[in-house]
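Work through the exercises below with the model open. Try each task before reading its solution.

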Amino acid sequence: MARQQVHEELRRVEGELAAGDTASLDSARARLDQLERWLDDSREDPESGDWHEIASTVATARGHLERVHYRIEAAESAYAAALAHLEKSSLDELHIARRSANLLVYQGLARLAGKDPGDWKKAAERFGESIRLREADPERTEALLWGLSAAWMNRGEALSRSGEADALEESIRCQEKARAILADFDLSARADYRSRFALCHLNIAAAKVELTTRHARPDPADALAHYARAAEILRVGAEAGIEESKRVLAVVLTNASRARLLLDANDLAASAAEATEALRWMDGYGADDWEMVNLELTARCTLCLCLHSQGR
């Protein structure tokens, strides 16, 4: 198998992972099995080029496949193999560091899918290692900053999972780091720029709600202000017809409505208005879109609670 064929096969695997259906994932596994057999046979073949660089790419794809199936240990092991191969490759130090930063994020995402607090702790550590590599990068490109913002956000999410007060405070600091990075991005250039910037505010708000309800930290107004800011950022895109902005805005408004019921039960009208607006942005999704089905049910239940409490 020539190097070009290997990369063509990896592109096919990438497409099959994106498709995500059972047949595609089975095909991706078969392709990776074949690629790994080829790697075993071609280790000493000079025609295979930078064997360790190719092996790292194949191991990365294997990690993605295992992560899709929530096989956490297998995914992390594959990513660890990819990191080890990178260190032995002929790539320069800067490229190794950049690819390693991505692999550490993948390891963190695999651990973040776990149910155990130990998994979340390891996820936060992996994201932290990725952050250190990216912050040491001499070229502050938009691509690097985009990846850095994701690592900070993911570290914040991992920390917030425990629900402990100190971890929630550190989680907020991580989200604020990401928000500061994204503040210089042109939000009108791409929908995902707008979404990520808004999600920083959403995550800060959620952590502040936890601090108020679980740890009696008296700061409910600030939490609601972050929900409002997230909605403000997204509403511009939603009103322009951008589907991603509509979807994320519905998430923000539903969460804001529920949080307001917890933090300010006297403002039922505002909570009902947020749930009602959330429902307005949910039109047109497919019947098999379970995330949106769940979101709509949540918004409707919240609205019902508001109306019932108002005697309506």
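Three exercises with solutions follow.

This is a predicted model, where local features need pLDDT of at least 70, side-chain atom pairs count only at pLDDT 80 or more, and totals for chains, interfaces and linings use all residues. Residues are numbered from 1 along each chain as its sequence is written, and side-chain values use heavy atoms, without hydrogens and water.

**Exercise 1.** Describe how helices α1 and α3 pack.

Step 1. Locate α1 at residues 3-19 and α3 at residues 51-68; helices are DSSP runs of H or I with at least four residues.

Step 2. Their axes are 11 Å apart, at an angle of about 15°. The two helices are therefore roughly parallel (angles under 35 degrees).

Step 3. List the contact residues, with contact meaning heavy atoms within 4.5 Å. Helix α1 supplies R3, V6, L10, V13 and L17, while α3 supplies E53, I54, T57, V58, A61, H64, L65 and V68.

**Exercise 2.** Is E9 buried or exposed, and which residues are in contact with E9?

Step 1. Find E9 in helix α1. Its relative accessible area is 11%, so E9 is buried (under 20%; exposed is over 50%, using a 1.4 Å probe and protein chains only).

Step 2. Leave aside neighbours within four places in sequence: E9 is in contact with R31, Q34 and L35.

**Exercise 3.** Place T212 and find what T212 touches.

Step 1. T212 sits in helix α9, residues 191-215. With 18% relative accessibility, T212 counts as buried.

Step 2. A polar side-chain atom of T212 lies 2.9 Å from the backbone oxygen of K208.

Step 3. Not counting residues up to four places away in sequence, T212 touches R217, D219, P220 and L263.

Notes:
Axes are lines fitted to C-alpha atoms, for helices over the stretch in contact, and angles run from 0 to 180 degrees between N-to-C directions. Angles under 35 degrees count as roughly parallel, over 145 as roughly antiparallel, 65 to 115 as roughly perpendicular and the rest as oblique. A polar contact is a pair of N or O atoms within 3.5 Å; within protein, one must be able to donate a hydrogen and the other to accept it, and residues adjacent in sequence count only if both atoms are side-chain atoms.
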